[in-house]
Amino acid sequence: MLFHDFVSFVLRSPLHRLLSKATMLVTMTGRKTGTPVTLPVNYIQDGSQLFTISQRNRVWWRNLRGGASVILRLRGQDVVATGKVVEIPAEVGRELCVFVQKRAPAYQKYLKIDMLPDGTPSPASLEKVAQERVFIVFDLTHGNG
(Lines give C-alpha, C1' and ligand atoms only; values in the text may rest on other atoms or scores of the structure.)
Protein backbone atom coordinates (compact mmCIF):
# COMPACT_ATOMS: atom_id res chain seq x y z
CA MET A 1 0.00 0.00 0.00
CA LEU A 2 1.40 3.39 -0.96
CA PHE A 3 1.87 6.06 1.70
CA HIS A 4 -0.91 8.25 0.22
CA ASP A 5 -3.24 5.25 0.15
CA PHE A 6 -2.48 4.50 3.80
CA VAL A 7 -3.04 8.13 4.87
CA SER A 8 -6.28 8.27 2.86
CA PHE A 9 -7.46 5.04 4.48
CA VAL A 10 -6.77 6.38 7.99
CA LEU A 11 -8.45 9.74 7.27
CA ARG A 12 -11.61 7.94 6.10
CA SER A 13 -11.67 5.60 9.09
CA PRO A 14 -12.68 5.98 12.74
CA LEU A 15 -8.92 6.36 13.40
CA HIS A 16 -8.85 9.68 11.50
CA ARG A 17 -8.07 11.56 14.73
CA LEU A 18 -4.52 10.22 14.52
CA LEU A 19 -3.90 12.47 11.50
CA SER A 20 -6.84 14.78 10.93
CA LYS A 21 -5.71 17.64 13.15
CA ALA A 22 -3.18 18.64 10.47
CA THR A 23 -3.98 16.49 7.41
CA MET A 24 -7.10 16.37 5.24
CA LEU A 25 -8.15 14.81 1.96
CA VAL A 26 -8.88 17.12 -0.97
CA THR A 27 -11.08 15.80 -3.77
CA MET A 28 -11.23 17.92 -6.91
CA THR A 29 -12.07 17.41 -10.55
CA GLY A 30 -9.10 17.05 -12.88
CA ARG A 31 -9.19 19.90 -15.40
CA LYS A 32 -7.91 17.78 -18.28
CA THR A 33 -9.40 14.39 -17.40
CA GLY A 34 -12.65 15.45 -15.75
CA THR A 35 -12.19 12.66 -13.22
CA PRO A 36 -12.05 13.10 -9.45
CA VAL A 37 -8.58 13.38 -7.93
CA THR A 38 -8.13 12.84 -4.18
CA LEU A 39 -4.97 13.39 -2.20
CA PRO A 40 -3.92 14.07 1.37
CA VAL A 41 -2.51 17.51 2.20
CA ASN A 42 -1.38 19.18 5.39
CA TYR A 43 -3.33 22.27 6.41
CA ILE A 44 -3.56 25.11 8.88
CA GLN A 45 -7.03 26.45 9.71
CA ASP A 46 -7.85 30.06 10.50
CA GLY A 47 -11.59 30.54 10.95
CA SER A 48 -13.43 29.48 7.81
CA GLN A 49 -10.25 29.23 5.74
CA LEU A 50 -7.74 26.43 5.46
CA PHE A 51 -4.27 26.99 4.07
CA THR A 52 -1.77 24.67 2.51
CA ILE A 53 1.48 25.13 0.66
CA SER A 54 2.66 22.97 -2.21
CA GLN A 55 5.82 22.70 -4.19
CA ARG A 56 5.44 24.48 -7.49
CA ASN A 57 6.66 21.44 -9.44
CA ARG A 58 3.71 19.34 -8.25
CA VAL A 59 0.68 19.40 -10.53
CA TRP A 60 -2.40 18.75 -8.38
CA TRP A 61 -2.90 22.40 -7.43
CA ARG A 62 -3.32 23.38 -11.07
CA ASN A 63 -6.85 21.98 -10.85
CA LEU A 64 -7.65 24.92 -8.53
CA ARG A 65 -6.65 27.71 -10.94
CA GLY A 66 -9.42 30.28 -11.13
CA GLY A 67 -11.15 28.72 -8.13
CA ALA A 68 -12.78 25.30 -7.96
CA SER A 69 -15.33 23.48 -5.87
CA VAL A 70 -13.71 20.74 -3.77
CA ILE A 71 -14.73 18.21 -1.19
CA LEU A 72 -12.55 18.12 1.89
CA ARG A 73 -12.43 15.17 4.24
CA LEU A 74 -11.87 17.35 7.30
CA ARG A 75 -11.69 15.81 10.78
CA GLY A 76 -13.85 12.86 9.78
CA GLN A 77 -16.49 14.81 7.84
CA ASP A 78 -16.93 15.61 4.15
CA VAL A 79 -17.17 19.37 3.66
CA VAL A 80 -17.75 21.31 0.44
CA ALA A 81 -15.37 24.23 -0.04
CA THR A 82 -13.88 26.46 -2.70
CA GLY A 83 -10.20 26.11 -3.40
CA LYS A 84 -8.01 28.68 -5.08
CA VAL A 85 -4.32 28.82 -5.74
CA VAL A 86 -2.00 31.79 -5.39
CA GLU A 87 0.88 31.20 -7.79
CA ILE A 88 2.32 34.59 -8.74
CA PRO A 89 5.57 34.68 -6.73
CA ALA A 90 5.07 38.21 -5.36
CA GLU A 91 1.59 37.25 -4.09
CA VAL A 92 2.86 33.95 -2.71
CA GLY A 93 5.52 35.91 -0.81
CA ARG A 94 2.92 38.24 0.71
CA GLU A 95 0.76 35.29 1.77
CA LEU A 96 3.75 33.43 3.21
CA CYS A 97 4.78 36.51 5.19
CA VAL A 98 1.42 36.59 6.99
CA PHE A 99 1.35 32.80 7.25
CA VAL A 100 4.67 32.42 9.06
CA GLN A 101 4.18 35.49 11.25
CA LYS A 102 0.58 34.95 12.38
CA ARG A 103 -0.88 31.59 11.41
CA ALA A 104 1.93 29.05 11.57
CA PRO A 105 5.27 30.30 12.91
CA ALA A 106 6.60 26.72 13.00
CA TYR A 107 6.55 26.70 9.20
CA GLN A 108 9.45 29.19 9.18
CA LYS A 109 11.90 26.36 9.78
CA TYR A 110 10.11 23.86 7.53
CA LEU A 111 10.12 26.32 4.62
CA LYS A 112 13.62 27.59 5.48
CA ILE A 113 12.52 31.20 5.83
CA ASP A 114 15.10 33.27 7.67
CA MET A 115 13.74 35.71 10.21
CA LEU A 116 15.15 39.17 10.83
CA PRO A 117 15.86 40.43 14.37
CA ASP A 118 12.55 42.36 14.35
CA GLY A 119 10.62 39.09 13.85
CA THR A 120 9.76 39.64 10.19
CA PRO A 121 10.73 37.24 7.41
CA SER A 122 13.82 38.06 5.40
CA PRO A 123 12.69 39.42 2.01
CA ALA A 124 15.41 37.42 0.24
CA SER A 125 14.39 34.10 1.79
CA LEU A 126 10.67 34.85 1.21
CA GLU A 127 11.41 35.54 -2.45
CA LYS A 128 13.33 32.27 -2.80
CA VAL A 129 10.56 30.21 -1.20
CA ALA A 130 7.88 32.01 -3.25
CA GLN A 131 9.67 30.92 -6.42
CA GLU A 132 9.52 27.28 -5.31
CA ARG A 133 6.03 27.09 -3.77
CA VAL A 134 2.39 27.96 -4.32
CA PHE A 135 -0.10 28.95 -1.64
CA ILE A 136 -3.55 27.36 -1.57
CA VAL A 137 -6.62 28.69 0.24
CA PHE A 138 -9.74 26.61 0.86
CA ASP A 139 -12.76 28.69 1.82
CA LEU A 140 -15.43 26.81 3.75
CA THR A 141 -18.03 29.58 3.49
CA HIS A 142 -18.12 29.70 -0.32
CA GLY A 143 -18.66 25.98 -0.72
CA ASN A 144 -21.69 25.77 1.53
CA GLY A 145 -23.84 28.66 0.43
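Which strands are included in what covers the buried residues of α1? The legends below take up this point first, and they refer throughout to a predicted model.

**Figure 1. Close-up of helix α1 and the elements that cover its buried residues.** The buried residues of α1 are V7, S8, V10 and L11. Viewed along the axis of α1, these residues fall within an arc of 165°, so they line one face of the helix. The cover over the buried residues of α1 includes the strands β1, β2 and β5, the last of these spanning residues 68-74.

**Figure 2. Close-up of H16 in the loop between α1 and β1.** Strand β1, at one end of this loop, comprises residues 23-29. H16 has a relative accessibility of 9% and therefore counts as buried, the limit being under 20%. With neighbours within four places in sequence set aside, the contacts of H16 are V10, L11, R75 and G76. Of these contacts, V10 and L11 are themselves among the buried residues of α1.

**Figure 3. Close-up of helix α4, with its buried and exposed sides.** S125, L126, V129 and A130 are the buried residues in α4. Seen down the helix axis, they fall within an arc of 135°, so they line one face of α4. Packing against these buried residues are α2, α3 and β7, where β7 covers residues 133-139. On the face of α4 turned away from the buried side are the exposed residues P123, A124, E127 and K128.

**Figure 4. Close-up of the salt bridge between K128 and E132.** The closest N and O atoms of this pair are 2.7 Å apart. Both residues belong to helix α4 (residues 123-132), where a spacing of 4 residues separates them by about one helical turn. K128 is exposed, at 52% relative accessibility, whereas E132 is partly exposed, at 37%.

**Figure 5. Close-up of the salt bridge between D46 and R103.** In total, 4 salt bridges are counted in the model. In the pair shown here, the closest N and O atoms lie 3.0 Å apart. D46 is part of strand β3 (residues 44-46) and R103 is part of helix α2 (residues 89-103), so the salt bridge ties together parts that are 57 residues apart in sequence. Both partners count as partly exposed, D46 with a relative accessibility of 40% and R103 with one of 25%.

**Figure 6. Close-up of the salt bridge between R73 and D78.** The side chains of R73 and D78 meet with an N to O distance of 3.3 Å. D78 is exposed, and its relative accessible area is 53%.

**Figure 7. Close-up of V134 in strand β7.** V134 is buried, with a relative accessible area of 0%. When residues up to four places away in sequence are not counted, V134 touches T52, I53, S54, R56, W61, V85, V86, E87 and V92. S20 serves as a reference point for position: V134 and S20 are 114 residues apart in sequence, and their C-alpha atoms are 22 Å apart in space.

**Figure 8. Close-up of the largest pocket, which has a volume of about 460 Å³.** Its lining consists of 18 residues, and those lying nearest the pocket centre are P40, V41, N42, I53 and R58. Two or more lining residues come from each of α1 (3-11), β2 (36-42), β4 (49-55) and α3 (107-111). Strand β4 gives the largest share, with 5 residues. By class, the lining of the largest pocket comprises 10 nonpolar, 6 polar and 2 charged residues.

**Figure 9. Close-up of the second largest pocket, which has a volume of about 220 Å³.** The residues lining the second largest pocket are G30, R31, K32, T33, V37, V59, W60, R62, N63 and R65. In this lining, 4 residues are charged, 3 are polar and 3 are nonpolar.

Terms used
Residues are numbered from 1 along each chain as its sequence is written. This is a predicted model: local features need pLDDT of at least 70, side-chain atom pairs count only at pLDDT 80 or more; totals for chains, interfaces and linings use all residues. Side-chain values use heavy atoms; hydrogens and water are left out. Buried means under 20% relative accessible area, exposed over 50%, partly exposed in between (1.4 Å probe, protein chains only). On a 1 Å grid over the protein atoms alone, a cavity is a set of points where a 1.4 Å probe fits but cannot get out, and a pocket is an open set with protein on both sides within 12 Å along at least five of seven lines; lining residues have an atom within 4 Å of a point. Grid points are joined across faces, edges and corners, and a volume is the space filled by probe spheres set on the points. Ala, Val, Leu, Ile, Met, Phe, Trp, Tyr, Cys and Pro count as nonpolar, Asp, Glu, Lys and Arg as charged, and the others, Gly among them, as polar. The arc is that of the directions from the helix axis to the C-beta atoms. Contact means heavy atoms within 4.5 Å.
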